Every structure is written in structure tokens, then in C-alpha cells.
Amino acid sequence: MIPGKIAQFLEQRANVAFAGTRNRDLVPFGHRVSGWSVGVDGRTMTAFVPARFTAGLVESLQENGVFALTVEDFPAHETYQFKGRYVRHWSARREDIDVVDRIRGRFMKSMRAVYPALPEGIAGAFVSTPELAVEFEVNEIYAQTPGPGAGTRLVPPADA
């Protein structure tokens, strides 16, 4: 489901993410995400969410089940959105935090390239330690990189 090129982007370059949910009444909620991983099956992803961004998250997933994750490579702005169905959640484990630590390192490296004088502690604090992990099955992937192709559905192909 998740093409190799996009999986490679997620594992090697992406460094910023945001998730969206909605409850049974379709009221939207936004959740900053510290990290993500692609499931070994290539059909699922897991998003790692810090405590202060979990308000309404589990409730919305249990009521509606729809999850959208947008992931970007800053400062290049290559961006993809992954939409799918909630599978399960758990309290973040050591291995989840290790994933986030690697992404924090990528983010800090990117920030230093743009803002060389930015103190490391400030850049590093942007990527918070996660409290919750949310696994979802990816059903659709959209290009969200700014430009003429933004919004194009990549998976399944738009002509399918």
C-alpha cells in the first residue's frame, strides 16, 4: 500500500507531522505528532502523540475511526497526507520514543541549516516525547507538497 519511495521519505527525510481526527458529530480535532513509523506490512502506520495533544484523540477514534496524518520534510516542504482507519492505540513504549528521538535529530539538523544560531534546546523541544501511539490502516495517500500537484491522490491512483 505505501509505495517504497514514500516509505523511504518517511524513514529518512520527513521531520514534522500533524494529525486530524473528528468525533461522531464530525467536530474536528488537531493533534501535533512527534513521530511515526511504517508497519512491517506496509499497510499501516503508527503516529506518536505527545500528552498535551491527546485531547479528544482516543474518543474521536473510537467514535468515528477516521485518522489523517500529514507528514512534511522541512524546509523542503515535500509533504504527504495519509488517511485511514484507526486500528488500536497504546501508551508509548521505549522503542516508540527511540523512533521519535531519531526524528528529533533530523528536525534539529534541518533547523540548524535554516537558522544556524537557533539554540539546540529550542529546536529539540519542538519534537516532544510521545505519550500515546496510534496505529491506523492507510487507505489513501495524497501529495500535499505546495505547487500544482497538491491534493492529488497517489494511492490508490486517482484514475483507479
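Start in the middle of this predicted model by selecting Leu10, Trp36, Met45, Phe67, Leu69, Val71 and Phe82: among the 41 residues of the largest nonpolar core, these touch the most other members. In soluble globular proteins, nonpolar side chains tend to be buried together.

Next, pick Phe82 and show what surrounds it. Setting aside neighbours within four places in sequence, Phe82 is in contact with Ile6, Leu10, Met45, Phe67, Ala68, Leu69, Val71, Phe136, Val138, Glu140 and Ile141.

Now look for rings that pair up. How many aromatic pairs are there? The count is three, and we will visit two of the pairs.

Select Phe9 and Tyr80. Their ring centres are 5.0 Å apart and their planes meet at 70°, so this pair is edge-to-face; planes over 60 degrees apart earn that name. Phe9 belongs to helix α1 (residues 4-12) and Tyr80 to strand β6 (residues 78-91), so the pair ties together parts that lie 71 residues apart in sequence. Are these two buried or exposed? Phe9 is buried, at 0% relative accessible area, and Tyr80 also counts as buried, at 8%.

Move on to Phe67 and Phe136. Here the ring centres are 4.8 Å apart with the planes at 55°, so the pair is tilted. Phe67 sits in strand β5 (residues 66-73) and Phe136 in strand β7 (residues 130-143), so you are looking at a link between distant parts of the chain, 69 residues apart. Both Phe67 and Phe136 are buried.

Finish with two charges over rings. Select Arg32 and Phe126: the charged end of Arg32 sits over the Phe126 ring, 4.3 Å from its centre. Then select Lys83, which lies over the face of Tyr142, 4.9 Å from the ring centre.

How values were computed
Residues are numbered from 1 along each chain as its sequence is written. This is a predicted model: local features need pLDDT of at least 70, side-chain atom pairs count only at pLDDT 80 or more; totals for chains, interfaces and linings use all residues. Side-chain values use heavy atoms; hydrogens and water are left out. A nonpolar core is a set of buried Ala, Val, Leu, Ile, Met, Phe, Trp, Tyr and Cys residues joined through side-chain atoms within 4.5 Å. Buried means under 20% relative accessible area, exposed over 50%, partly exposed in between (1.4 Å probe, protein chains only). Contact means heavy atoms within 4.5 Å. Rings of Phe, Tyr and Trp (its six-membered ring) pair if their centres lie within 6.5 Å; planes under 30 degrees apart count as stacked, over 60 as edge-to-face and the rest as tilted. Helices (H or I, at least four residues) and strands (E, at least two) are DSSP runs, numbered from the N terminus. A charge sits over a ring if NZ of Lys or CZ of Arg is within 6 Å of the ring centre and within 35 degrees of the ring normal.
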